[in-house]
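Welcome, and thanks for taking a look at this one. Please open the structure below and keep it in view as you read.

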Amino acid sequence: MLIGIGLALLVWGLVTPRLTQVGENVPVAHGELTYTLTDDSAKSLAVADAATKIEPVERQLHVVYTSPITNEEATARIGLSTRRTGRATDLDGLLSAEVYSYRFDRMSGEALTPATVSEQLASPVATVDVDGLWFAFPPNAEADEYPLFDVTLRAAKPAVKSGESEVDGRDIVTYRQDFEPQAVGEPDAMGRVLYHGAKRDIDVDKATGMIVGMDEAVEDYYLTGEQRDDVLLFNGTMSQEDKDALMEIAENVANPTAWKTANWIAAGIGAVVLVLGALGIFGVFDKRRKRHFTN
């Protein structure tokens, strides 16, 4: 057991620094990121509703990086959910949820494989092409415009640079994605066509490409002939506390002295534990105890 623990610590300490080359690839060493946006007076329509309701709604995007991970590639698992937060349980308030998983290029941030998508428990898994960027921008992002994936359209729309600023000594680039509602897919069984539009302001830490802040306005509605039925009218913002936490992660990634120190300590401890485990296997300690009791 000691050998296993030692080996794990040693590998983590030696390999992790190689997976984060600041300014060259999308950082993944922090493991996961969460973006939570809230609107206390959103207008939403659930499947069981006879009419839209006005109440607090939360939209969340959760990114987890999973193996295999190299300098050039990684796997991202992205969970998305929209829920009414005032209900008795999360399940009661859930409006939508889905999970995407795909390989992406750590240099460009773009997808290398189609994504597998699960929309509900026990549902068939679909395959979707992820066009453009999504949860991260290329490090040292300087382009005036990037294609940014919209999960409802399942297609990319332009995100255009709208400003630059400095926050706590870090350069932040803001991109805006703004498009009018457009039809999504074919009419449903009731003859309704879903329309979707959005406006997003996305704050990107320039050095790392990490998204460190986001505001989002969503306009979704069904159109049946001339009749419009709102599905989701949402003006969401992130809390300052969440933005500060993301900025701290970006700072740690961009100035990885603490990360490197922790990794070297882990490698050192791992090496010691590995040696102790090996000595135990070869019975060194047992031999010493036997000599002690013999004498």
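## Charges over rings

Let's begin with a cation and a ring: Arg-59 lies over the face of Phe-234, at 5.8 Å from the ring centre. Please keep in mind that you are looking at a predicted model. A lysine offers another case, with Lys-157 placed over the face of Phe-179, at 5.9 Å from the ring centre.

## Aromatic pairs and a cluster

How many aromatic pairs does the structure hold? The count is 12. For Phe-137 and Tyr-146, the ring centres are 5.4 Å apart and the planes stand at 90°, so this pair is edge-to-face. Both of these residues, Phe-137 and Tyr-146, are buried.

Rings also gather into a group here. One aromatic cluster is formed by Tyr-65, Tyr-100, Tyr-102, Phe-104, Trp-134, Phe-135 and Phe-149.

## A visit to Thr-174

Is Thr-174 buried or exposed? Its relative accessible area is 15%, and the cut-off for a buried residue is under 20%, so Thr-174 counts as buried. This threonine belongs to strand S9, which covers residues 170-184.

The side chain of Thr-174 has a polar partner: it makes a polar contact with the side chain of Asp-203 at 2.7 Å. Asp-203 also appears among the residues in contact with Thr-174 once neighbours within four places in sequence are left aside. The others in that list are Val-160, Lys-161, Ser-162 and Gly-163, together with Asp-201 and Ile-202.

## The protein as a whole

Stepping back, the protein has 5 helices and 12 strands. Of its 295 residues, 38% are buried. The exposed area is about 15900 Å², and carbon and sulfur atoms supply 55% of that area.

What share of the contacts between residues at least 6 apart in sequence joins residues at least 24 apart? That share is 55%.

## Where to read with care

The mean pLDDT of the protein is 84, with 77% of the residues reaching 70 or more. Over residues 8-22, pLDDT stays under 50, and the model has 38 contacts beyond four places in sequence for this stretch. Residues 256-260 also have pLDDT under 50 throughout, and here the model has 5 contacts beyond four places in sequence.

A friendly caution goes with these stretches. Where pLDDT is low, predicted coordinates should not be read in detail.

How values were computed. Residues numbered from 1 in each chain as written. Predicted model: local features only at pLDDT ≥ 70, side-chain atom pairs only at ≥ 80, totals over all residues. Heavy atoms only, no water. Phe/Tyr/Trp six-rings, centres within 6.5 Å; stacked < 30°, edge-to-face > 60°. Buried < 20%, exposed > 50% of the residue type's maximum accessible area, 1.4 Å probe, protein only. Lys NZ or Arg CZ within 6 Å of the ring centre and 35° of its normal. pLDDT = per-residue confidence, 0-100. Contact = heavy atoms within 4.5 Å. Helix = DSSP H or I, 4+ residues; strand = E, 2+ residues; numbered from the N terminus. Areas by Shrake-Rupley, 256 points an atom, 1.4 Å probe, with all protein chains shown as cover. Polar contact = N/O pair within 3.5 Å; in protein donor to acceptor, adjacent residues only side chain to side chain.
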